[in-house]
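Biologist: I would be grateful for a close look at the part of this structure where strands pair with one another, and at what lies against them. Please explain it step by step for a first-year student.

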Amino acid sequence: MEQQPHLNDHNKQEYPPMHTTEHIINQTMIRLFGCGRSISAHIERKKSKLDYRLAACPTEEEIKKLEEAVNEVIARQLPVTTDFITQEEAQGRFDLERLPDGASETVRVVKVGDYDECLCIGVHVENTSEIGTFKIISHDWNEEAKRWRMRFKLV
């Protein structure tokens, strides 16, 4: 008989379509800009924002390409699945620095089809067909911090 893994309690309730979109955006940013996943996130039902460390501010053409790429992934109707692995198994595969202090030995991997996988305890859709259309509503650049902030919504 398989035992249910013990995970840390989750202290917030995300809007599943928006949270799954965050995963897709993160992987798209990695692929288009060679950066890491977002350094800060504020995910809400009506609009959300993500911050990234980049060498330079993206051009309007690059931002349009990002929006198109994210929507292309959403349109692929990818299944969103979860697996459970140990922190030891996650070593070298995922950034464990983001785990909270005292994180459980078992961690959850969220996969968006064959497009993205990362450690996450949040709530997600079952399929990207449930998301809608991704729209960047504004963005700004902080030259000193080399931080690009994107605000977006789903329509």
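Modeller: Strand 3 (residues 80-86) and strand 4 run antiparallel, and seven bridges join them. The model described here is a predicted one. Within this pairing, Thr86 stands opposite Thr106, a residue of strand 4. Strand 4 (residues 106-112) is mostly covered, since five of its seven residues are buried. Strand 4 also pairs with strand 5 (residues 116-119), in the antiparallel sense and over four bridges. One of the facing pairs there is Lys111 with Glu117, its bridge partner in strand 5. Strand 4 and strand 5 form a hairpin, with three residues between them. Gly113 lies in the turn of that hairpin and has a positive phi of about 50°.

Let us now turn to the open sheet. Four strands form it in the order 1-2-7-6, and their pairing is antiparallel. Strand 1 (40-42) and strand 6 are the edge strands, because each of them pairs on one side only. From one strand to the next, the twist averages 15°. Strand 6 is joined to strand 7 by eight bridges, and the two run antiparallel. Strand 6 and strand 7 also form a hairpin, with four residues between them. In the turn of this hairpin, Lys146 has a positive phi of about 55°.

His139 offers a useful point from which to examine the edge of this sheet. His139 has its place in strand 6, and its bridge partner in strand 7 is Met150. Is His139 buried, partly exposed or exposed? Its relative accessibility is 26%, so His139 counts as partly exposed; the buried class would require a value under 20%. Leaving aside residues up to four places away in sequence, His139 touches Glu60, Ile63, Trp148, Arg149, Met150 and Arg151. Of these contacts, Ile63 belongs to helix 2 and is buried there. Arg31, by contrast, is 108 residues from His139 in sequence, and the C-alpha atoms of the two are 19 Å apart in space.

Strand 6 and strand 7 also hold the aromatic pair of the structure, which contains one such pair. How are the rings of Phe134 and Phe152 placed relative to each other? Their centres are 5.5 Å apart and their planes stand at 55°, so the pair is tilted. An angle under 30 degrees would have made the pair stacked, and one over 60 would have made it edge-to-face. The pair links distant parts of the chain, as Phe134 lies in strand 6 (residues 134-142) and Phe152 in strand 7 (residues 147-154), 18 residues apart. Phe134 has 1% relative accessibility and therefore counts as buried. Phe152 is buried as well, with a relative accessible area of 0%.

Next come the helices that lie across these strands. Helix 2 lies across strand 6 and strand 7, and runs at about 145° to strand 6. Helix 2 (residues 60-75) has 16 residues, which at 1.5 Å a residue should span 22 Å; its end C-alpha atoms are 23 Å apart, in agreement with this. The buried residues of helix 2 are Ile63, Leu66, Glu67, Val70, Asn71, Val73 and Ile74. Seen down the axis of helix 2, these buried residues fall within an arc of 160°, so they line one face of the helix. What covers them includes helix 1 (16-33), strand 6 and strand 7. On the other side of helix 2, Glu61, Lys64 and Ala75 are exposed. Gln77 follows helix 2 and has a positive phi, near 50°.

Helix 1 lies across strand 1, strand 2 (48-53), strand 6 and strand 7, running at about 140° to strand 7. The 18 residues of helix 1 should span 26 Å at 1.5 Å a residue, and its end C-alpha atoms are 25 Å apart, which agrees. Of these 18 residues, 13 are buried, so helix 1 is largely enclosed by the rest of the structure. Just after helix 1, Gly34 takes a positive phi of about 65°.

To draw the picture together, strand 6 and strand 7 pair in the open sheet and carry the tilted rings of Phe134 and Phe152. Helix 2 lies across these two strands, and helix 1 lies across them as well as strand 1 and strand 2.

Technical notes: Residues numbered from 1 in each chain as written. Predicted model: local features only at pLDDT ≥ 70, side-chain atom pairs only at ≥ 80, totals over all residues. Heavy atoms only, no water. Phe/Tyr/Trp six-rings, centres within 6.5 Å; stacked < 30°, edge-to-face > 60°. Buried < 20%, exposed > 50% of the residue type's maximum accessible area, 1.4 Å probe, protein only. Expected span 1.5 Å × (residues − 1). Arc of directions from axis to C-beta. Contact = heavy atoms within 4.5 Å. Axes fitted to C-alpha atoms, helices over the stretch in contact; angles between N-to-C directions.
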